[in-house]
Amino acid sequence: MAFNAAARGVVNPSDQRGGTLRFVRTDDFDSLDPADTYYAYTWNFIRLIGRPLVGYTTGADGTPKLVPDLAEGLGVASDGDRTWTYRLREGVRFEDGTPVTSADVRYAVLRAAFPEEVYEGPATRGGPAYFRQYLTGPEGIETPDERTLVFRLREPFAAFDYFAALPTTIPVPRAHDTYPRYRLRPVSSGPYRIEAYEPGAELVLGRNPHWEAAGDPVRTALPDRVTVRLGVTGAEVDRILLAGEADIDLAGVGVQPATQDRLLAEPELRERVDNPRTGFVWLYCINQNIGPLADVHARRAVQFATDKAAMLLAYGGDPAGEIATTLLPSSVLGHAPFDRYPVGPEGSGDLEAARRELALAGLPDGFETRIGAREDRTKEWNAALALAKGLARIGIRAEVVPYTSGDYFTKAVGVPEYVREHGIGIAMFGWAADFPDGYGFLQQIADSRAIKETGNQNLGELASPRIDALLDTGAATSDERVRAGIWAAVDRAALDEAVMCPYMYVKSVLFRGPRAANVAMSPAYGMYDYAVMSVADGGGGDA
């Protein structure tokens, strides 16, 4: 084994079957309902339970590779990329032995995209809104037979296979839909089914006896069981990992700063550390509908006064990442370096520029606002405190309000009505591409049509007709070079509105326990690939 080995290949390769793969996590899953999740670690993990139409493996060049998963092939486009057809694999079964049919996938997508019609009343969803945006309506999914699905779109989308790879297409049998309690016991179409789940405490997975490895190119399912210990502090997660009581931190965002220093300093521990670029960007969003932040100059004052260096230090300094100036990270098509709000050579802010913006807003003495942050994410919480301290230098008095990860988007900052009622002007946030293209990074956080009543990710409530039009143009553009230029233009336009402030391109300091086998990075999810991970005796070397 060696430092950062999983970023270059597979650590401890093994075909050993059996044992229990043990995860640990500070809070809980946002939701195990595939229609209601938006955390990257849940998307990575939920593949052990359910199979979307399309999946990801890692290509020879280390980039994400789309492969058919529940479907037997990638989508077939027609009508100028407005119609996409998929054929399901034969013989895939739910955990009770019943066959998975096209009707189950259609129902899964409809309950995510049009829940108010499926449930004949008020219903909300916390997952991405792509299908709702692009489908012609509930009638836009056809099932001509038990194995064929046809999606009909309002507008062309040249990369629809990325939509098909979302958890949204994991099949849900209508007869077993217990919404809103389906999140506690989703029906398995993957290699594992839920044996026990106590929210905030523990999840236990056992084998789905009807899963067949021969028809699954994504998962290896070598462990007999998978457990997730939930609801412990960040410091306790690190202790548990170092004590050998768990194999992997489920969140995939890295250890706490104090643990990081120890891991990097002690050679025996350092060889079990990986420090990859993740594709994530840490940012905060400024809601343009909250108090004085309705004025763009007030929002720009916040941007200029941000002490990005202190916020980076809250995550552990250089090993944790680099100061960010763009929304798109370098790993996403459309990234183009620029800096709309320079914060000085030390990264600590440009206070003169900030005060000029306050004067333009008619607020020379500053103003009051509130910052929402997840207290169970210690590094994010400390970064929020650093942000508040930096803003105080120009008279912006920002109270940091604590939330838990499990409720953050579904009950707090992702609910616009709640945000308005509680005056949350700034929300701490982390983002990565839903799929590796500028559209997959930008659309949900910058498109006015993506704003939702709950599970909202456009936390600044950005509503720009120009940006919406650019996103539509890029979606229909097949030439990658042209499309990249469009995404770069969206990045610049969104930052000019000052509703988002990227402060850190993320690298994670991950620790792999000695039992963990087949440990490799997933470029699609920016963390270890949970679909192929296992446990093995001895803890061998690299491949």
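In the predicted model, six strands form an open sheet with mixed pairing, in the order β14-β18-β13-β17-β15-β16. The two edges of this sheet are occupied by β14 (321-322) and β16 (397-403), each of which pairs on one side only. On the sheet, helix α13 (residues 405-412) packs in touch with β15 (368-374), β16 and β17 (424-431). The direction of α13 makes an angle of about 130 degrees with that of β15.

At the β14 edge, the pairing is with β18 (residues 500-507). These two strands run in the antiparallel sense and are joined over two bridges. Within this pairing, Gly321 has Val506 of β18 as its bridge partner.

Aromatic contacts were examined next. Over the whole structure, the search returns 40 aromatic pairs. One of them is formed by Phe429 and Trp431 and is stacked, with 5.3 Å centre to centre and 25 degrees between the planes. The angle falls in the stacked class because that class takes planes under 30 degrees apart. Phe429 and Trp431 are both buried.

Aromatic rings also lie beneath charged side-chain ends in this model, as two arginines show. The charged end of Arg270 is placed over the ring of Phe3, at 3.9 Å from the ring centre. For Arg111, the ring beneath the charged end is that of Tyr182, and the distance to the ring centre is 4.9 Å.

Technical notes
Residues numbered from 1 in each chain as written. Predicted model: local features only at pLDDT ≥ 70, side-chain atom pairs only at ≥ 80, totals over all residues. Heavy atoms only, no water. Phe/Tyr/Trp six-rings, centres within 6.5 Å; stacked < 30°, edge-to-face > 60°. Buried < 20%, exposed > 50% of the residue type's maximum accessible area, 1.4 Å probe, protein only. Lys NZ or Arg CZ within 6 Å of the ring centre and 35° of its normal. Pairing = 2+ DSSP bridges. Helix = DSSP H or I, 4+ residues; strand = E, 2+ residues; numbered from the N terminus. Contact = heavy atoms within 4.5 Å. Axes fitted to C-alpha atoms, helices over the stretch in contact; angles between N-to-C directions.
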